[in-house]
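This report looks at aromatic ring pairs and at one residue with its contacts. Please have the sequence and the structure at hand while reading.

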Amino acid sequence: MTYKRSWALAVLFLFASFFTLSFFTPTLSAQVDSIVIPAGTPEDNDLNTIANEHDAQKKVSMYQDFLQKYASNQAAVAYGNWQLSQYYQSTGDLQKALECGDKAVAGSPHNLDILTSQVTIAQQLKDNARIFSYSIQGGEAFNSIEKQPKPADTTDEQFASMIASQKDANKNAYDFFEGAAFNGIVGQTDAKSRMDYIEKFTVTFPKSKMDEQVTSYAMLSLSQLQDNHRLVSYAEKALTANPNNLPALLLLANSYVDSSEPGALAKAVTYAQKAIVAAKADDPAADKSQKISAGVAHSVMGRAYAKQSKTLPSVSELKSATTLLKENDEQQYAVAAYYLGWDYAKLNKLTEARAVLNDVAGIPGPVQQPVKDLLTKVNTARAAGK
């Protein structure tokens with residue numbers, strides 16, 4: 001008997017009579033790396049004997065004996081360890097399941113069924129690093145389909161058809177690994193490690209349907225790492241793929257408004273204007289996030305105009321910003337109000353400056369002290385003018 005076990009067949013080992021699997025795995029119609037044990041061999045005969053045993057504990061013991069007996073047979077060891085991994089998973093001994101699964105992976109590293117099993121165990125353990133690692137290994141195994149050498153007796157057309165057929169047969173597995181790897185990025189809280197994950201993801205899953213979300217996480221990570229050069233590069237790449245990518249537009253607008261390079265303020269205004277259009281905050285159906293995005297964009301434009309000594313246009317933009325942000329984002333509202341108060345003070349509209357600064361002086365955050373300092377100066381100027 002020849003063993004080309006799919007995930008669905010392997011589950012039969014787990015004795016549905018006394019437990020049920022509670023997690024999702026994709027159904028695989030083929031394997032990139034199959035475990036093949038020729039029919040009629042001693043390994044095949046022993047596996048048939050094990051398959052006919054109905055007592056779970058005896059079956060486990062028989063698989064352990066099988067592994068010792070055929071320790072030099074890589075395929076047999078991989079298969080036996082995979083079965084034990086699934087048994088331990090079913091009993092809740094997830095660490096033991098992971099250990100056996102790792103031994104199975106070592107013997108059959110491109111086996112998508114085994115790697116799928118390892119991902120699901122890691123998910124149950126909430127082990128984000130292993131979820132990502134196994135998913136990347138699965139994606140790399142799928143990608144190896146295109147890298148296999150063409151058999152000498154196969155035409156180019158036949159080979160292309162074979163590759164397409166293998167990829168189609170394993171597409172469900174690839175999608176599963178892609179989704180799990182993306183969740184690994186989402187679950188990683190350390191910015192440097194998250195960026196490492198993203199770089200591996202983009203190589204392993206090119207042209208992913210999650211590219212836009214991945215780019216957003218890349219920009220977040222690089223912002224946290226204060227790597228402005230790569231940050232701008234990722235954002236511009238994101239806009240090439242989607243000109244209305246709001247996170248990228250806002251990130252570039254904010255980056256350029258704080259930059260001292262020539263032409264930066266003009267770029268900040270351009271990106272902010274595009275963000276306002278993309279946010280569609282004036283749409284009656286606009287949600288909170290759209291209003292915040294537009295509000296931040298107006299705030300950036302106001303700051304850029306203020307730096308260009310265009311005070312009246314700056315006031316107009318910052319008033320729009322505070323209107324959109326006041327009930328939606330306290331911190332961004334405080335930032336916009338601070339700059340609006342500054343503009344009013346510059347125009348000697350001290351009453352207006354005092355009113356807007358008073359409104360945000362009590363908001364804790366990075367601009368609270370600058371607000372209080374500016375408010376003190378405004379109050380002093382008002383008192384001196386009386």
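## Aromatic pairs

Rings of Phe, Tyr and Trp, the last taken by its six-membered ring, are treated as a pair if their centres lie within 6.5 Å. In this predicted model, the count by that rule comes to 11 aromatic pairs. One of them joins F66 and Y70, whose ring centres are 5.0 Å apart and whose planes make an angle of 55°, an arrangement described as tilted. Both residues of this pair, F66 and Y70, are buried.

## A stacked pair between two helices

The rings of F132 and Y197 have centres 4.0 Å apart and planes at 5°, and because planes under 30 degrees apart count as stacked, this pair is a stacked one. The pair links distant parts of the chain, since F132 belongs to helix α7 (residues 128–143) while Y197 belongs to helix α10 (residues 191–204), with their positions 65 residues apart in the numbering.

F132 has a relative accessible area of 3% and is therefore buried. Y197, with a relative accessible area of 11%, is buried as well.

## A ring cluster and the contacts of E178

Ring pairs also link F142, Y174, F201 and F205 into a cluster. Two members of that cluster, F201 and F205, appear again among the contacts of E178, which touches F201, F205, S208, K209 and M210 when residues up to four places away in sequence are not counted.

E178 itself is found in helix α9, which covers residues 171–187. Its relative accessibility is 3%, so E178 counts as buried.

Notes:
Residues are numbered from 1 along each chain as its sequence is written. This is a predicted model: local features need pLDDT of at least 70, side-chain atom pairs count only at pLDDT 80 or more; totals for chains, interfaces and linings use all residues. Side-chain values use heavy atoms; hydrogens and water are left out. Helices (H or I, at least four residues) and strands (E, at least two) are DSSP runs, numbered from the N terminus. Buried means under 20% relative accessible area, exposed over 50%, partly exposed in between (1.4 Å probe, protein chains only). Contact means heavy atoms within 4.5 Å. Rings of Phe, Tyr and Trp (its six-membered ring) pair if their centres lie within 6.5 Å; planes under 30 degrees apart count as stacked, over 60 as edge-to-face and the rest as tilted.
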